[in-house]
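Work through the exercises below with the sequence and the model open side by side. Each task is followed by a solution that proceeds step by step.

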Amino acid sequence: MVSDGARGLLGAYELGRTLGEGNFGKVKQARHRGSGGQFAVKIMERARVLSQRADEQICREIATLKLLAHPNVVRLHEVAASKTKIYMVLELVNGGELLDRIQAASEGKLPEQEARRLFQQLVDGVSYCHEKGVCHRDLKLENVLVDRKGNIKISDFGLSALPQHLGNDGLLHTTCGSPNYIAPEVLQNRGYDGSLSDIWSCGVILYVMLVGHLPFDDRNIVVLYQKIFKGDAQIPEWLSPGARNLLRRILEPDPAERIAMAEIKAHPWFQEHYVPVLPPYDDDDDHDSVKQIGAGSKTTHHINAFQLIGMASSLDLSGFFEEEDVSQRKIRFTSAQPPEDLFAEIERSATDMGFHVHRGHSKLRLTRNCDRSKNQKNPMSSSSSSFLVCTEVFELSPSLYVVELNKSHGDPALYRQLCQRICGDLGVLEMDQIFGTRPPVADDLAGLALALERRSATPLVAL
Ligand SMILES: Nc1ncnc2c1ncn2[C@@H]1O[C@H](COP(=O)(O)OP(=O)(O)OP(=O)(O)O)[C@@H](O)[C@H]1O
């Protein structure tokens, strides 16, 4: 049954049966009313998230999943939030957890062929994440789902690390993961390479698939960690020589000696019947539903407010979890006919600085031909012809515009001065002040727009 509140909030989705339960709430099956597509909606209680101080974890999971599109990684389609709940609309993976599959198998372990096929997919998914700069850091059987066709989908990126989480030494320093799957160097607290520790966890998963129990286990956590440090997993003689060799090389306690991802892929045991996944990764089923949900025309993207905030890493998220319901608010990020008074203001500032203004339909072109002899005395002038175009105005909401002041050619110093002048006259914020020298991306802009709206700040930003 679907509660009225949830029905109203999600709007486009009809919630169905419960698929599972996590730390912060339930995961339910959902049908998209428009496309009929089936999804999994992870519903998290904000109060529970906050009481466990896990808001950063949720934002991290969202930001990471947004980066990833691979057939062996669970796809995130949309995010919504209400006063009390956060909703993540995920690809539906309806074959259960890998753990259940192993437990259901005869003898509690998988035939070597089947284990190899699943391990190949796991390695494909994990190596893709590494290529994108993402280390999962919590790879375990419970976080590997299997779809109805028997394909692996890696999930639960709440502990994942992105390049910005690396220390000055280029290593990760947060000890995290699940005890049985954790690599020895992570326990040592001296910094670790997240890709190599992910490889270790993949080795633990492979071991369980092939052998039917964990390579390192003990009720006493201290003893368990001692076993992991020692790294002497009992690798049964009855496994094929190739499988034994690969397991030994992955479960190598010294990360410097451990087999690397490329070497795993080249290993003869891995290579058998291996069919690599090649980009582009979009599979047709998923693609349709994404289109239905996320996009309008080519130039218009409906972006969910919470998603935007979650994506914009430079924004201050503090307070977000206590604040108002932004779930239903969609921001249109689209080219717009600029308001007349906006262009008139820009024109006035530019004319004051000696620019000629040429008006187009939704564009302004500002030019200034400078006289060399006069310019020498005037530090504000350029020796070349300056040409500046206000190319586009993006409407982020009815009261919020982003104006792109685009320099085609001319003197950079003069360009800066003109930007400052225009922003000063209009009383608006300059993007550079917020994002530094990094060119802002759409997510940043929309995230910023939302932040400005919510703080009732100046409803206009110039690039
Ligand atoms: N995309 C999905 N499709 C189908 N079932 C899913 C999906 N995601 C999660 N589930 C099911 O819901 C259960 C709970 O998942 P969830 O990610 O909330 O819990 P969790 O692994 O404890 O993570 P967290 O620590 O974030 O709560 C999973 O064990 C799985 O059975």
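Two residues are in contact if their C-beta atoms, placed from the backbone, lie within 7 Å. The structure shown is a predicted model, and its secondary structure comes to 18 helices and 15 strands. Of the 463 residues of the protein, 39% count as buried.

**Exercise 1. The largest nonpolar core**

Task: Find which residues touch the most other members of the largest nonpolar core, and establish where this core lies with respect to domain 1 and domain 2.

Solution. Begin with the membership: the largest nonpolar core holds 78 residues, and those that touch the most other members are Val41, Ile205, Leu206 and Met209. Next, ask which element contributes the largest share; this is helix 7 (residues 194-211), from which twelve residues come. Then turn to the domains: because domain 1 (9-91) and domain 2 (96-159 + 179-270) both give residues to this core, the core lies between them. As a closer look at one member, take Ile205, which touches Leu122, Leu139, Leu141 and Val144 when residues up to four places away in sequence are left out of the count. A second core, separate from the one just described, has ten residues, including Leu414, Tyr415, Leu418 and Ile422. As background, nonpolar side chains in soluble globular proteins tend to be buried together.

**Exercise 2. Strand pairing from strand 1 to strand 5**

Task: Trace how strand 1 pairs with strand 2, how strand 2 pairs with strand 3, and how strand 3 pairs with strand 5, naming a bridge or an opposite residue where you can.

Solution. Start at strand 1 (residues 13-21), which runs antiparallel to strand 2 (residues 26-32) and is joined to it by six bridges; in this pair, Tyr13 has His32 of strand 2 as its bridge partner. The hairpin formed by strand 1 and strand 2 has four residues between the strands, and in it Gly25 takes a positive phi near 155°. Move on to strand 2 and strand 3, which pair in the antiparallel sense over five bridges, with Val41 of strand 3 as the bridge partner of Lys28. Their hairpin has five residues between the strands, and there Gly36 takes a positive phi near 75°. Finally, strand 3 pairs with strand 5 (residues 85-91), again in the antiparallel sense, over seven bridges, and Met44 stands opposite Ile86 in strand 5.

**Exercise 3. Lys42 and the ligand shell**

Task: Decide whether Lys42 is buried or exposed, and then identify which elements give two or more residues to the shell around the ligand.

Solution. Locate the residue: Lys42 is placed in strand 3 (residues 38-45), and an unreviewed UniProt entry gives the feature "binding site" at this position, Lys42. Count its neighbours next: a residue is buried if 20 or more other C-beta atoms lie within 10 Å of its own, and Lys42 counts as buried because it has 24 C-beta neighbours inside 10 Å. The strand as a whole can be judged in a similar way, for six of the eight residues of strand 3 are buried, so strand 3 is largely enclosed by the rest of the structure. The contacts of Lys42, with residues up to four places away in sequence not counted, are Gly22, Val27, Met88 and Leu90. Now consider the ligand, which has 20 residues around it, of which Gly20, Gly22, Asn23, Val27 and Ala40 come nearest. The elements that give two or more residues to this shell are strand 1, strand 3 and strand 5, and strand 1 gives the most, with three residues.

**Exercise 4. Positive phi outside glycine**

Task: Compare the setting of Glu107, exposed or buried, with that of Asp156, exposed or buried.

Solution. Recall first that most residues other than glycine have a negative phi. Glu107 is not a glycine, yet has a positive phi of about 70°; this residue, Glu107, lies in the loop between helix 4 (98-104) and helix 5 (112-131), and is exposed, with 8 other C-beta atoms within 10 Å. Asp156, likewise not a glycine, has a positive phi of about 60°, and its place is in the loop between strand 7 (152-154) and helix 6 (184-187). Asp156 nevertheless counts as buried, because it has 20 C-beta neighbours inside 10 Å.

Note on methods
Residues numbered from 1 in each chain as written. Predicted model: local features only at pLDDT ≥ 70, side-chain atom pairs only at ≥ 80, totals over all residues. Core = buried A, V, L, I, M, F, W, Y, C linked by C-beta atoms within 7 Å. Buried ≥ 20, exposed ≤ 12 C-beta atoms within 10 Å, placed from the backbone. Domains from an automatic or database assignment. Pairing = 2+ DSSP bridges. UniProt positions renumbered as here; feature names shortened; annotations may be inferred. Near = placed C-beta within 6 Å.
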